[in-house]
Protein chains: 2
Amino acid sequence: MSDAFKLSSFLPYRLAVLSERVSRRLTVEYERTHGLSVAEWRVLVHLGHHGRGSVREIHEWVNLDKPRVSRAVARLEAGGLVRKIQDDTDARLVVISLTPDGQAALGDILPAATRIEARLLDAIDDQDLEIFLKVVQQIHQTLDSDPQAKPRSRMELEQATPIHRSPPTQ
Amino acid sequence: MSDAFKLSSFLPYRLAVLSERVSRRLTVEYERTHGLSVAEWRVLVHLGHHGRGSVREIHEWVNLDKPRVSRAVARLEAGGLVRKIQDDTDARLVVISLTPDGQAALGDILPAATRIEARLLDAIDDQDLEIFLKVVQQIHQTLDSDPQAKPRSRMELEQATPIHRSPPTQ
DNA sequence: TCAATATCATTTCACTTGCAATGAAATGGA
DNA sequence: TCCATTTCATTGCAAGTGAAATGATATTGA
């Protein structure tokens, strides 16, 4: 009882609740339409943007541990959305790329995902969004200097990308 | 390849990455010191604030489904941090409350958790934080009017609580 | 009063997760 | 050249997860 501490005003809790709710909303979309999990969706998107990649590469970029990527890729391959071929200069590597079906699936889901994101962003003032993203970056930076925190994934570090409003440029 | 869509600038992805990193940092703390999971931590905090509660009540307040609460409570009881007693007016209900050990554990973890949060907040300008939280609320509100999204938990709805800066008042 | 329905907490079951092996292949140094 | 180390992807395994089922109790309405 008592104690001034309230879970509802605890920043980590708030982030978790928000993130989970948003993520769940997204999942409804690509679960229903293509039976994809979050991991599979991320792999697909990465391949859509980068064309091809090894398990390690994808792992480094999309914030998923290697076993998760490996299994996601296996499921995607079983579903015919992705192709795995042994690299010929390094036999340990597996080069993963989208099949035409994978391209099609991605082309189908991307607009839906973007639309959901757009709906969320529409309610937010431009300047507020900018500050929001700045704060996100600041939190990351604080964690960067905390030895107890997990390092950021490569993607986060390389890209200080702004959010793309509805009609995506570049 | 190509396609303008980048995962790194996709809001839901960003939220997930940030939330996971923050959550993991917290977990290091109460995992190491008391072997607690996130669910157990939330239950403990809820009880610390509300004194007692049923599984359903806790479930509604701390954004955990009932099975998860039930199991978290079971583990906490096994560890002696929590006590379960049958409600005498309604035999279905279980009234859960902290034991002295539970109080002590909470008293031990709370400062550490607050300290980590304070470190994150310290880097953020007051006004920016306010806007950040406003944006969080706006995202929730957008989801509130989306029939495909999961409704907010009771706690979120009842409390528009601001973040408490370091020396927690009230 | 008593059957139908609703509300609890818990359990079941199939599935996912994350960490730590594992085994295969490449690399570097003696 | 050849052994030790490193770098790959995958798999094993113990634990966790969530949705639905279960069983116990309460409530409601005929």
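Across which strands of chain B does helix 4 of chain B lie? In this predicted model, helix 4 of chain B, formed by residues 66–78, lies across strand 2 and strand 3 of chain B. The helix runs at about 115° to strand 2 of chain B.

Strand 2 and strand 3 of chain B belong to an open sheet of 3 strands with antiparallel pairing, in the order 1-3-2. Strand 1 (52–53) and strand 2 (82–86) of chain B are the edge strands, each pairing on one side only. Strand 3 of chain B, residues 94–98, is joined to strand 2 of chain B in the antiparallel sense over 5 bridges. Within chain B, B:Ile85 is placed opposite B:Val95 of strand 3.

B:Glu40 is located in helix 2 of chain B, which covers residues 38–50. B:Glu40 counts as buried because it has 24 C-beta neighbours inside 10 Å, the cut-off being 20 or more. When neighbours within four places in sequence are left aside, B:Glu40 is in contact with B:Ala72, B:Arg75 and B:Leu76. B:Glu40 is also 10.0 Å from B:Leu81, C-alpha to C-alpha, at a separation of 41 residues in sequence.

The relation between the two chains was also examined. A turn of 180° and a shift of 0.0 Å along the axis lay chain A on chain B with an RMSD of 0.0 Å. The two copies are therefore related as by a two-fold rotation axis. The C-alpha of A:Phe132 is the one nearest the axis in chain A, at 2.4 Å from it. Both copies use the same surface, as 99% of the contact residues of chain A recur in chain B.

Note on methods. Residues are numbered from 1 along each chain as its sequence is written. Chains are lettered from A and ligands numbered from 1 in the order in which they are written. This is a predicted model: local features need pLDDT of at least 70, side-chain atom pairs count only at pLDDT 80 or more; totals for chains, interfaces and linings use all residues. Two strands pair if DSSP finds at least two bridges between them. Helices (H or I, at least four residues) and strands (E, at least two) are DSSP runs, numbered from the N terminus. Two residues are in contact if their C-beta atoms, placed from the backbone, lie within 7 Å. Axes are lines fitted to C-alpha atoms, for helices over the stretch in contact, and angles run from 0 to 180 degrees between N-to-C directions. Copies are superposed by least squares on the C-alpha atoms of residues with pLDDT of at least 70 in both. A residue is buried if 20 or more other C-beta atoms lie within 10 Å of its own, exposed if 12 or fewer, and partly exposed in between; C-beta atoms are placed from the backbone.
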